[in-house]
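Thank you all for coming; I would like to walk through one structure this morning, starting from a small local detail and working outwards. Please have the sequence and the model open while I talk.

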Amino acid sequence: MSISIYHKGTKAQREKISVFVSLWLRAFFPWLGVSLFLGLFFFYPLARILWLGLTPVSLLTITPESFLLTSHSLLFTFYQSFLSTLLTLLIGLPAAYLFARFDFRGKALLRLLTAIPFMLPTVVVAAGFNALLGPRGWINLGLMRLFGLDSPPIVFVYTLWAILLAHVFYNTTIVIRVVGNALAHLDPRLEQAARSLGADARRAFWRVTLPLLRPPILAAALLVFLFDFTSFGVILLLGGPHFATLEVEIYIQAVQIFNLPLAAVLSLIQLLCTLAFSMLYSRIVTRLAVTTAPRPAEANLHRAKTGREKLFVGGMAVLLLALFLLPMVSLPFRSVARLETARGERTAVSYGLTADYYAELFVNRLGSLFYVSPFEALTNSLLYAAATVVLSLALGFPVASALAHPRRLERFLDPFLMLPLGASAVTLGLGFIITFNKPLLTGHWSPITSPLLVPVAHTIIALPFVIRSLQPALASIPDRLRQAAASLGASPSKVWFTVDWPIVARATLAAAIFAFTVSLGEFGATSLVYRPEYPTLPIAIYRFLSQPGGLNYGQAMAMATILMGVTGAGILLIERFRLPGAGEF
Amino acid sequence: MKRFFFLTMLVMLALAACAPKGPTALTVMTHDSFSASEAVITAFEQANNVKVTFLKSGDAGEALNKAILAKDAPLADVLYGVDNTFLSRALKAGIYEAYASPLLVNIPAEFQLDPQHRALPVDYGDVCINYDKAYFADHSLAVPGSLEDLAKPEYKDLLVVENPATSSPGLAFLLATVKHFGVDGYLTYWRSLRANGVAVVDGWETAYYTNFSASSGHGPQPMVVSYASSPAAEVVYAETPLTESPTASILAPDTCFRQIEFVGILHGTKNRALAEKFVDFMLGVQFQEDMPLQMFMYPVNPGASLPEAFVQYAPLAEQPATLSPDLIAANRDQWIADWTEAVLR
């Protein structure tokens, strides 16, 4: 067909076509890597498993009861993720403002504290919340002793509040990073101009700063919403069996009941909702986008001076400490403390200090084939994380650059990038099985048994975060800066290094931290594709918690403490890491 | 731009280069709880000049579903870990090749649920209620002697169970109540348990470590649905050496459900001879004696002697509840759905 056009057409027509094709190819070029990657490792396996489930015959097996079940869990999924997102923004936005505008002692540590939960396995977070707010948690035991009560006064675990608070605990860091980064680099002169024109501080904030922040706030809200929308572990462990989201229902149908048609329908609904939200977001954001000249973060920073400012900084610091430190502090504590009293005692609990749990991590007591030393688990985790950072940045950068100046192609493809956040891990895992069970490339080898599938799975999840962190920074660079540099005689590469790079270097670090923490803490996808010879830290934690015994529990807490320490150190290291030429941005 | 291209190519190349080499490789698909001593597996590898790769594929249900989905191009040569609650699903899907191992003659008939020898028994255990000894002693409370006792007012708010829709011990305990009270009576019983404040959580880890008072998690309930072998694990993995377990199992008739785990050769294997050897190996005394302390299950081979901790702290139920795999397969989804309606909604 194309050949016949080529032969019959005039020279002008031919040129038109070739120009069109080359333009289109050039436009598509940045998308090549991501398309190949997501196509092979995400869309293809997902399509295969959905196709298997969604045959006309199999769909007939879906009963009215299952429709009722679906609508019930869909409603609850919307309800809880909407509330969770709202609460997360309520805490996250003032926190983002705090970190972007104020300089105070201990700021780096406080900021780090808010980032750590993101990579903690749900089992560990649930243990932390239980130690604090559970029926025999510190707060309840304290109140019982204080007021001589017989039963715990606070019922927290297995309520909607537990789900909401855990979601806030996990996802506030997304708001702090995405919105805080934008706020920090906002041109302060805009607000100053408003002030000089007679607006008071509050009016300048509401009328100038906040409208400029709408795109990053929406981006953060979308990420948080999608994370809550597909929540699984938190719902099961802290919400309990009375609550079921779509993702939980998919798991039950796909794994326990093996009703693939219903699982496929539910997965499809979840994907379509994700797509709808991402499309809505894209439409709103393109209408709102404004480019201003970004400023170095230091230009916006100052110490709290007025009484009101001091109150804000102090209050926020206390709030964040309470929210993030209290649930986590019991883990390192339990990793060095052993129960001393008879365990049946109801109220009095005393602990003795011990280093046994850490020492025991290095002992393969029963000579197990699957024993892993903490060093090995740590090395595996760090290698996977490093591979994820490299892979997701390499794939995400070209796409984020293209998205910074969206044309029709970008606007069309953009929402699809968010789909990995909306795919159920179980469904994708089954898709992997039917796609990659046959040997590929070489005769013997099939990808399903390769440890390299782990960073691939992590990259799929990290990509939306990486792209969303890079895109606003890249979009914020006004073209006139580049034009000015070019008109002064700079070569395209020099323009990129002197104009673009200093501004995006900071965002690159933020993106790298996201990829790093996603990889270190990821469990769901890892458990689907991991090789038992190369377990990660979260996998090792789950292994300890799968058998009874005080030693196993203590070792799980010790591993969790190591995981917290390593992630904390990793984030600090990446933040300190000055990319060459990055300047103060 | 070229850089990321190059990187992708590198990754692809690395993917291709990692192919395992050597002609004799055996892949064994298992659930996540599988474990064995390094020495025992190495002995098998050396004796047969083979490299055994274990493919852990999720919990028992997940591993089975994956094996069924990959039936046409099997992921492994051998599948271990299907239990009697999933056996019919596995047999109906036709994923196994029959193999009448010569070692089956030693193994009691009660464990050989598949007369065609597609699935061969390896180990068994009882899902039982564990109780906190100290709690019952401190409160001078008698330990419940039957399922009916659990609905009595003196045991109000004292029991935590797992959701049968998400947990295999939870399902096993539900099946025990179905066996004892019958298809018509079990829901009435569960409604009375609900009225008596039974706590339901998603899975064993939460039930044991968060809710159970005798575990390190120090929870509120002194009774939990766990395994008959858990008290032995509490001693083996104690923080300080113990001479007595802090927990014990309720072993009264019909309160425990017997779980049997099977191994089978996957249909379409290219390593049939080696797969047979591995199945023989799993039924043999060396593996059977190693397994109790690795997986906290009991050997089906009567020739295997039990470790001391099992003899002392992990007695089995004398009259465990059992149901035929066909009956379970035909009704499990309905039972779970009805249970959910009665207990959770």
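Let me begin at B:Phe296, the residue that follows helix H10 of chain B, where phi takes a positive value near 55 degrees. I should say straight away that this is a predicted model, and I will speak of it in that sense throughout.

The helix that comes before B:Phe296 is H10 of chain B, which spans residues 285-295 and is mostly covered, with eight of its eleven residues buried. Those buried positions are B:Phe287, B:Gln288 and B:Asp290, and then the run B:Met291, B:Pro292, B:Leu293, B:Gln294 and B:Met295. As for what they pack against, the partners in chain B are the helices H2 (38-48), H8 (230-236), H9 (272-283) and H11, together with the strands E5 (120-132) and E11 (298-299).

Helix H11 brings me to the domains. Chain B is divided into domain 1, made of 21-124 + 259-313, and domain 2, made of 126-257 + 317-343, and the centres of the two, taken over C-alpha atoms, are separated by 27 Å. Their contact draws 15 residues from domain 1 of chain B and 19 residues from domain 2 of chain B. On the domain 1 side, helix H4 (87-93) and helix H11 (308-313) each supply at least two of the residues that touch domain 2, and by class that side has nine nonpolar, four polar and two charged residues.

Now to the strands of chain B. Six of the six residues of strand E3 (residues 78-83) are buried, so this strand is largely enclosed by the rest of the structure. With strand E1 (residues 25-30), E3 of chain B runs parallel, joined by two bridges, whereas five bridges join E3 to strand E10 (residues 257-266) in an antiparallel arrangement. One residue shows both pairings: B:Leu79 stands opposite B:Met29, and B:Leu79 also stands opposite B:Gly264 in E10.

Finally, the core. Which residues touch the most other members of the largest nonpolar core? Of its 275 residues, they are A:Ile541, A:Met559 and B:Val78, and this core draws at least three residues from each of domain 1 and domain 2 of chain B. Leaving aside residues up to four places away in sequence, A:Ile541 touches A:Pro121, A:Val123 and A:Val124, as well as A:Ala556, A:Met559 and A:Ala560.

Notes
Residues numbered from 1 in each chain as written. Chains lettered and ligands numbered in written order. Predicted model: local features only at pLDDT ≥ 70, side-chain atom pairs only at ≥ 80, totals over all residues. Core = buried A, V, L, I, M, F, W, Y, C linked by C-beta atoms within 7 Å. Buried ≥ 20, exposed ≤ 12 C-beta atoms within 10 Å, placed from the backbone. Domains from an automatic or database assignment. Contact = placed C-beta atoms within 7 Å. Helix = DSSP H or I, 4+ residues; strand = E, 2+ residues; numbered from the N terminus. Pairing = 2+ DSSP bridges. Nonpolar A, V, L, I, M, F, W, Y, C, P; charged D, E, K, R; others polar.
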